[in-house]
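Please read the points below beside the sequence and the structure. They are set out as a colleague's note, element by element.

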Amino acid sequence: MNIVLIEPLGVSEAVLTSFSGALKEKGHQFKASPARITETDKLVEFAKDANILMLANQPLPGTVIKSCPNLQMLSVAFTGVDHVDLEACKEKGVVVCNAAGYSTASVAELAIGLIISVLRKIPTGDTATRASGTKSGLGTELAGKTVGVIGAGAIGGSVARICQAFGCKVLIWSRSEKKDLVAAGCTWKANVEEVLQESDVVSLHIPGGAATKGFINAARLKLMKKNAILINTARGSVVDTADLAAALNEGTIAGAGLDVFDVEPPLPADCPLLKTPNTVVTPHVAFATTEALERRAEIVFANITQFLADTPQNVVLGK
């Protein structure tokens, strides 16, 4: 099998060699691009002979997929696969596997970091201190607050448990009741509007896609408390950017912590969320820890091993 990695996985050469070496020992060929290939024609040339393609979050258009006549599988080093033309994969019968679960701890930790940064105004304090200034206004404690977790999968569940350790009351909303979280003391709500109305902090952990596009819009933001904050480490598309910017500028809600946006960073200078008050932003780094990226590499190579053994795992499309 020709196995082609079209972008770096963010791990050391030693880690990459250890995983790829196991495949080479079994007679497979492996090549990796040292940098992301952005030009479609160059990407086609690099990938055209692949039986298996590996990628992280680089957009993979149907043009490339259709230009690989022997392509059988994609091993995606990411949880979401909305950057891949799945229709083209379906047409060619290509199996698509992801790296679900690799970043649960890292994303949950950043969500908590954003909550505390917004509540305690850490970036503002850092800027003031470096400018020989001092505090301006008071922060807010997380302890004792009501935290609403929208989307109670692995990451949302982890955020819920960490917030409980801070002494928070946790409300959860998901498509089905999470009995383990309820047993742990969380309160499941069948109505997302109730979560928005009752929470001091709302943390989003729902998938992207057409069904959730603009899930948090002007109407739902108006349900939130004026002193509440919104945290998004899920997908940028689940929040209407213009509506959130307006809510922050008009004082409809008190603040926001955002790691994802409706476009992938670097953000354009005119992005309205760069100018809103009490807003902490990070450039889509929730997943990006040394530990998470090494777990991710292990998973995507294991996906290939399992596929070759005709027992595919982490399948999102295909067998």
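How many bridges join strand β1 to β3? The points begin with the reply to this question.

1. The model under discussion is predicted. In it, strand β1 (residues 2-5) and β3 are joined by 3 bridges, and the two strands run parallel. Ile-3 has Ile-52 as its bridge partner in β3.

2. Strand β3, which spans residues 52-55, also pairs with strand β4 (residues 73-76). Here 4 bridges join the two strands, and their direction is again parallel. Within this pairing, Leu-55 of β3 stands opposite Val-76 in β4.

3. The side chains of β3 deserve a look, strand face by strand face. Ile-52 and Met-54 lie on one side, while Leu-53 and Leu-55 lie on the other. These residues are all buried, and both faces of the strand are covered.

4. A second strand to examine is β10 (residues 229-232). Both of its faces are covered as well: Ile-229 and Ile-231 are buried on one side, and Leu-230 and Asn-232 are buried on the other.

5. Which strands pair with β10? Strand β9 (residues 201-204) is joined to β10 by 4 bridges in a parallel arrangement, with Val-201 opposite Ile-229. Strand β11 (residues 255-258) pairs with β10 over 4 bridges, also in the parallel sense, and Gly-257 in β11 is the bridge partner of Ile-231.

6. The connection from β10 to β11 involves a helix. Together with helix α11 (residues 241-249), these two strands make a β-α-β unit that is right-handed.

7. A search of the whole structure finds 1 cavity of 30 Å³ or more. The volume of the largest cavity is about 50 Å³. Its lining includes Asn-232, Thr-241, Leu-244 and Leu-258; of these, Asn-232 is one of the buried residues of β10. Val-260, Phe-261 and Asp-262 are also among the lining residues. By class, the lining comprises 6 nonpolar, 3 polar and 1 charged residues.

8. Is Thr-279, in strand β12 (residues 279-281), buried or exposed? Thr-279 has a relative accessible area of 19%. Buried means under 20%, so Thr-279 counts as buried. The side chain of Thr-279 takes part in a polar contact of 2.8 Å with the side chain of Thr-276. In addition, a polar atom of the Thr-279 side chain lies 2.9 Å from the backbone oxygen of Pro-277.

Methods
Residues numbered from 1 in each chain as written. Predicted model: local features only at pLDDT ≥ 70, side-chain atom pairs only at ≥ 80, totals over all residues. Heavy atoms only, no water. 1 Å grid on protein atoms, 1.4 Å probe; cavity = no way out; pocket = protein on both sides within 12 Å on 5 of 7 lines; lining within 4 Å. Points joined across faces, edges and corners; volume = space filled by probe spheres on them. Nonpolar A, V, L, I, M, F, W, Y, C, P; charged D, E, K, R; others polar. Buried < 20%, exposed > 50% of the residue type's maximum accessible area, 1.4 Å probe, protein only. Pairing = 2+ DSSP bridges. Right-handed = clockwise from strand over helix to strand, strands pointing away. Polar contact = N/O pair within 3.5 Å; in protein donor to acceptor, adjacent residues only side chain to side chain.
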